[in-house]
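Me: Could you take a close look at one helix with me and tell me how it sits in the fold? I would enjoy a connected account rather than a list.

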Amino acid sequence: MKKEVKDTIIVDLGEMLKEYPHFYLVDVTGMNAEATSSLRRKCFKQEIKMVVVKNKLLHKAFEAADIDYSELYGALKGNTAVLFTNTANVPAKLLKDKDIAKAGVPSLKAAYAEEGFYVGADKLDELASIKSKNEVIADIVALLQSPAKNVVSALQSGANTIHGVLKTLGERPE
């Protein structure tokens, strides 16, 4: 590969590192063309950009980046695919899918998600449990609505009780 091509790839990887807030390094060793194509299609459907890279070029892109990715250098061995995403937990859920994770391939090497480093395949469950921005917002809205619903319910219950008491006393509620 010519130096100009390598330089272009390093610049492109650097731009993707800036564009996407989260990425996973995945070992794709042992995946045949059919399995790789299937993974690419599933990534595309989940809005994940999958790029198979040379470790040395990715290492150089890491070195040129504004963020210190040195914790991930040890994961740059074997065949590596980078899964770039805007939602931190989506690639983890995809990798946990039983149809994809046949015989442990592909497997998680490391990830950078929510401004944290996750190194090792044992971090997959932790990554899958990270809540997305939309999930956190939904939880907050539900928490905010809960007290209001309780007040409305109590007021309705109280009003029904007052009407019931007045009715039994023979008075007419206004």
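Reply: Happy to; here is a walk along helix α2, from its start to the loop after it.

A word on the ground rules: this is a predicted model, in which local features need pLDDT of at least 70 and side-chain atom pairs count only at pLDDT 80 or more, while totals for chains, interfaces and linings use all residues. Residues are numbered from 1 along each chain as its sequence is written, and side-chain values use heavy atoms, with hydrogens and water left out.

Helix α2 covers residues 33-45; helices here are DSSP runs of H or I with at least four residues, strands are runs of E with at least two, and both are numbered from the N terminus. At the N-terminal end, Asn32 acts as the cap, with a side-chain oxygen 3.2 Å from the backbone nitrogen of Glu34. That is a polar contact, meaning a pair of N or O atoms within 3.5 Å; within protein, one must be able to donate a hydrogen and the other to accept it, and residues adjacent in sequence count only if both atoms are side-chain atoms.

How does the length of α2 compare with what its 13 residues should span? The expected span, 1.5 Å times one less than the number of residues, is 18 Å, and the end C-alpha atoms of α2 are 18 Å apart, which agrees.

Now look around the helix. Thr36, Leu39 and Cys43 are buried, where buried means under 20% relative accessible area, exposed over 50% and partly exposed in between, with a 1.4 Å probe and protein chains only. Viewed down the axis of α2, these buried residues fall within an arc of 60 degrees, so they line one face of the helix; the arc is that of the directions from the helix axis to the C-beta atoms. The buried residues pack against β2, β3 (80-85) and α4 (90-96), with contact meaning heavy atoms within 4.5 Å. Turned away from that buried side is a face carrying the exposed residues Ala33, Glu34, Arg41, Phe44 and Lys45.

Finally, follow the chain out of the helix. Just after α2 comes Glu47, with a positive phi of about 60 degrees. Most residues other than glycine have a negative phi. Glu47 belongs to the loop between α2 and β2 (49-53). Is this residue buried or exposed? Glu47 has 66% relative accessibility, so it counts as exposed.
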